[in-house]
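Trainee: I should like to go through this structure term by term and ask how each label is justified. May we begin with the pairing of strands?

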Amino acid sequence: MELKRRDFLGVAAAAGSAAFTSQALRAQEASGVANMEAPTYKAKVEKLFKTPDRYPNALETMPDGLWVGDQVSERVNKLDWKTGKVLEDFIAEAHNTSGIAVGGGYLWIGCNGAGTAASKRPFDRPFDRRYGEVVKCDMKTGKQVKGYKSPWGSTHGTAYAHDTDKLWVVAPSQNLALELDPKDDLRLLRMVSLKMDTPHGIEWYGGKLWVLAAAGRVLHKIDPDSGKILEIYTLAPTDPDPHGMCIKDDYVYYCDAGLGGGRTPSPGTSPQFICRFPLNKA
């Protein structure tokens, strides 16, 4: 990836302070809703089943199964949607897995680098790194095809937009969602500013961005062109902690990674569980 960290931070600062802010304001003013808050809903969460490993942190939706990445073991499982039965199982060449996407014939894994989760593993692997990455892996074996060191630092959620053939990732330190071109060495295409505490899971669904905050415990539906928040879903303190996220058939699926959204588990913490809640259809 040619974009260097210093260059990226400069672009990110400009985008956050000017481009996206002004673009969002113009769009809201033009529609006459500049002062209107996004509709907010309380998520009605149900727990489904536990994942095979202790620290699930990344989810991806595919018609044939639910993909799960564990942030300590780096194990990737494809699970049956209804029962949680393991359909595929391998160790990916990733480190502190925090996002997973399927697209273009590959797995794309967002890596946090060394951190709290990685330190829980009592051994190291040859592909461990001290820095954040997005890694391109074989879908059947998890073997790394190429690693892209991320100039923004750690990477959280990762999502593949199949209608545009673009990859979206979360840069948590900058509170940004980034659109990347997987056919051009992950060239940076655009940034969307996120207004939440510890953005984590990300999904592209219905032509919109959806981002789940781990510490903030909210889900935002976002217009990717204006940055405007269109809908907000809130989790109760008694709901399991949110981390990885994906959407299928108007249901939001998320996983509790067992560490707490802000590293302090909530009263509802339920390690290993896959949970879901319905989107509002009004």
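Mentor: Certainly; S3 and S4 are joined by six bridges and run antiparallel. The model is a predicted one, in which local features need pLDDT of at least 70 and side-chain atom pairs pLDDT 80 or more, while totals for chains, interfaces and linings use all residues. Residues are numbered from 1 along each chain as its sequence is written, and side-chain values use heavy atoms, with hydrogens and water left out.

Trainee: What makes S3 and S4 a pair?

Mentor: Two strands (DSSP runs of E, at least two residues, numbered from the N terminus) pair if DSSP finds at least two bridges between them. S3 and S4 share six bridges, so they meet the requirement. Within the pair, Thr61 has Leu66 of S4 as its bridge partner, and Pro56 stands opposite Asp70. The link from S3 to S4 is a hairpin of two residues.

Trainee: How do you know that S4 is also paired with S5?

Mentor: Four bridges join S4 to S5 (residues 75-79), again in antiparallel fashion. Four satisfies the minimum of two, so S4 and S5 count as a pair as well. Leu66 is matched there with Leu79 of S5. Leu66 is thus named in two pairings, with Thr61 and with Leu79. The hairpin between S4 and S5 has four residues, and Glu74 in its turn shows a positive phi of about 65°.

Trainee: Why is S4 called largely enclosed?

Mentor: A residue is buried under 20% relative accessible area, exposed over 50% and partly exposed in between, with a 1.4 Å probe and protein chains only. Six of the six residues of S4 (residues 65-70) are buried, so the rest of the structure largely encloses this strand. In a regular strand, side chains alternate between the two faces of the sheet. In S4 both faces are covered: Gly65, Trp67 and Gly69 are buried on one side, and Leu66, Val68 and Asp70 on the other. S3 is mostly covered too, with seven of its seven residues buried. Across the protein, 55% of the 282 residues count as buried.

Trainee: Why is Trp81 called buried?

Mentor: Its relative accessible area is 14%, which is under the 20% limit, so Trp81 is classed as buried. Trp81 lies in the loop between S5 and S6 (86-91).

Trainee: Which residues does Trp81 touch?

Mentor: Contact means heavy atoms within 4.5 Å. Leaving out residues up to four places away in sequence, Trp81 touches Phe49, Thr61, Met62, Pro63, Gly65, Leu66, Cys246, Lys248 and Tyr253. Thr61 is 20 residues from Trp81 along the chain, and their C-alpha atoms are separated by 9.3 Å. For the protein, 52% of contacts between residues at least 6 apart in sequence join residues at least 24 apart.

Trainee: What makes a group of residues the largest nonpolar core here?

Mentor: A nonpolar core is a set of buried Ala, Val, Leu, Ile, Met, Phe, Trp, Tyr and Cys residues joined through side-chain atoms within 4.5 Å. The largest such set has 17 residues, and Trp168, Ala177, Ile202, Leu209 and Val211 touch the most other members. S11, S12 (166-171), S15, S16 (208-213) and S17 (218-222) each supply at least two residues of this core. S16 provides the largest share, three residues. Beyond four places in sequence, Ala177 is in contact with Trp168, Val169, Arg190, Met191, Val192, Leu194, Ile202 and Leu209.

Trainee: What is noted about the backbone of Asn96?

Mentor: Asn96 has a positive phi of about 55° although it is not a glycine. Asn96 sits in the loop between S6 and S7 (97-103). At 3% relative accessibility, Asn96 is under the 20% limit and therefore counts as buried. Asn175, likewise not a glycine, has a positive phi of about 55°; its place is the loop between S12 and S13 (176-181).

Trainee: How many helices and strands does the protein have?

Mentor: The secondary structure comes to one helix and 21 strands, where a helix is a DSSP run of H or I with at least four residues.
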